[in-house]
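Me: I should like to go through this structure term by term and see what justifies each description. Please set each value against its definition.

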Amino acid sequence: MIKFECASKFYGDVAAISQLDLDIQPGELVALIGPSGSGKSTALKMVNRMVELDHGRILFKNQDITRFNLQDLRRRMGYAIQSVGLFPHRTVAHNIATVPRLLGWEADRVRARVTELMNMLSMDPDHYAGRYPHQLSGGQQQRVGVARALAADPDVLLMDEPFGALDPVTRAALQRALKAIHRATGKTILFVTHDLDEALLLASRIVLLNNGRLVQVGTPLELLQQPANDFVADFLGRADLGLKQLSLQPVAHYLKPLAGPAPAYVIPSTATAREAISCMAEHHVSSLRVADANGNIIGQVGAPDLLANNHV
Ligand code: ADP
Ligand code: MG
C-alpha cells in the first residue's frame, strides 16, 4: 500500500530520514517509534508530501506519489495530529464533514456519514454534533479529529502522536477506539508515537528509527524477543523485556486440560500471560483455572509453562 524506496530527506547537512526502505501492506497498523528527533514525523509527512523527498521514492498503491494530483493524494490519506487542528468556529459535524463537502457529496450522504463516524467513536450525535471544539474535552476533540480524518473513507490513515497530549485514562480509551476502528475497517494505518507501550499495544509491526535511520522493523514480539542490537534493547527497556513479552501473549496460548486437583482461582482466557502471573503472585498459587467468555472452565495454566515461554 505504501512503499518507501531508499527515501531520504535532508535539512542542510542533517539527514532527517536516511535511505529508508519500508513496505507497508494493506491493512497493517504500523507504528513508527524512536527518540525525539529520530525522523518519525518527517517519515510520516513524506507519505502525503507535506515533506518532499530529496532522494529515493515512495509508492502509494504501486504508483510514485509524485504522479498523483496533490489534493487527490491527500484526500486518500486521512491525517490526524496531536494538536488536532479542528476549525474552532465550525461545529463538530461541520468539522467532520470537511473533506466530504470538499468532494461535493450530497447533504444527506454527508449527514449520514457524520452520524456513522460519531457513533463509531462513541460520541452521541444528538448531543455533540452541534457543539464547538472549545466545548469539548481534549479526548473528545481528538475523537473528532480521528473522525474527520476518516470521513471520506481514505485508503490510509496517517497519525502523528494523536494521543500524545491526553491523560492516561482518556488515552487508553482512544487506543481502544483506534484498535476497534482498525479491526472494523481494515484501514492501513501509519502511526507515530514516542510511547513504546502504545506501539506494543496497537501495532501489527513496529519500525524503530534512530538518527533518521531504520534500526529494526518487526512485530512487537519479534522486537522484544530478538532486539537487533543494544540500542533496541535499551529503547525497549532491557530490564522489562520479559514482562513486556508476557503482556503481549494471551493466556489462552498456554492452555492445558484440567488434571489433578482443580486450581482455586479462575482467570478469563482473554487475560494476558502477565496478568496470570500477577494473579498467581497475589494469591500465592502456581496454577489457575481458565474460563471462556461464558464463564465455562476450559482448562488450566501453570506458572512453569508461562515462564518457560516456549510456545512461540
Ligand atoms: P521526530 O518526529 O522523530 O521527533 P522529526 O522528523 O520531527 O523527528 O525531525 C527529524 C530531524 O529533522 C530533527 O533533527 C529535526 O530537528 C530535523 N527537522 C525536522 N523538520 C525540520 C525543518 N522543517 N527544518 C529543519 N530541520 C528539521
Ligand atoms: Mg515528531
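Me: What makes S4 and strand S5 (residues 63-64) a pair, and in which sense do they run?

Reply: Two strands pair if DSSP finds at least two bridges between them. S4 and S5 are joined by two bridges in the antiparallel sense, and therefore they satisfy the criterion of at least two bridges. Within this pair, Leu59 stands opposite Asp64 in S5. S4 and S5 form a hairpin with two residues between them, and Lys61 in the turn has a positive phi of about 50°.

Me: On what basis are the residues and elements numbered, and how should the model be read?

Reply: Residues are numbered from 1 along each chain as its sequence is written, while chains are lettered from A and ligands numbered from 1 in the order in which they are written. The model is predicted, so that local features need pLDDT of at least 70 and side-chain atom pairs count only at pLDDT 80 or more, whereas totals for chains, interfaces and linings use all residues; side-chain values use heavy atoms, with hydrogens and water left out. Helices (H or I, at least four residues) and strands (E, at least two) are DSSP runs numbered from the N terminus.

Me: How do you know that strand S1 (residues 2-11) pairs with S4 and with S2?

Reply: S1 and strand S4 (residues 55-60) run antiparallel and are joined by five bridges. Among the facing residues, Glu5 stands opposite Arg57 in S4, and Ser8 stands opposite His55 in S4. S1 and S2 are paired in the antiparallel sense over seven bridges; here Val14 of S2 is the bridge partner of Tyr11. S1 and S2 also form a hairpin with two residues between them, with Gly12 in the turn at a positive phi of about 60°.

Me: Why is the phi of Gln19 worth noting?

Reply: Most residues other than glycine have a negative phi. Gln19, in strand S2 (residues 14-24), has a phi near 50°, a positive value in a residue other than glycine. Ser122 also has a positive phi, near 55°, and is found in the loop between helix H5 (107-120) and helix H6 (125-128).

Me: What makes S6 and S10 edge strands?

Reply: The open sheet of six strands has the order S6-S7-S8-S3-S9-S10, with mixed pairing. Strand S6 (77-81) and strand S10 (213-218) each pair on one side only. The twist averages 15° from one strand to the next, where axes are lines fitted to C-alpha atoms, for helices over the stretch in contact, and angles run from 0 to 180 degrees between N-to-C directions. S6 and strand S7 (residues 156-160) run parallel and share five bridges, with Ile81 opposite Asp160 in S7.

Me: How do you know that helix H7 (residues 138-150) packs on this sheet?

Reply: Contact means heavy atoms within 4.5 Å. H7 touches S6 and S7, and its direction makes about 165° with that of S6.

Me: Why are S11 and S13 left without a neighbour on one side?

Reply: This open sheet of three strands has the order S11-S12-S13, with mixed pairing. Strand S11 (266-268) and strand S13 (297-302) stand at the edges with a single partner strand each, so one side of each has no neighbour in the sheet. Neighbouring strands of this sheet are turned by 40° against each other on average, direction ignored. S11 and strand S12 (residues 287-291) pair in the parallel sense over three bridges, and Val266 has Arg289 in S12 as its bridge partner. Helix H13 (residues 273-283) packs on the sheet, touching S11, S12 and S13, and its direction makes about 130° with that of S12.

Me: What makes the oxygen atoms of ligand 1 partners in polar contacts?

Reply: A polar contact is a pair of N or O atoms within 3.5 Å; within protein, one must be able to donate a hydrogen and the other to accept it, and residues adjacent in sequence count only if both atoms are side-chain atoms. An oxygen atom of ligand 1 is 2.8 Å from an N or O atom in the side chain of Lys40, and an oxygen atom of ligand 1 is 2.8 Å from an N or O atom in the side chain of Ser41. For Ser38, a polar backbone atom is 3.2 Å from an oxygen atom of ligand 1. These distances therefore meet the limit of 3.5 Å.
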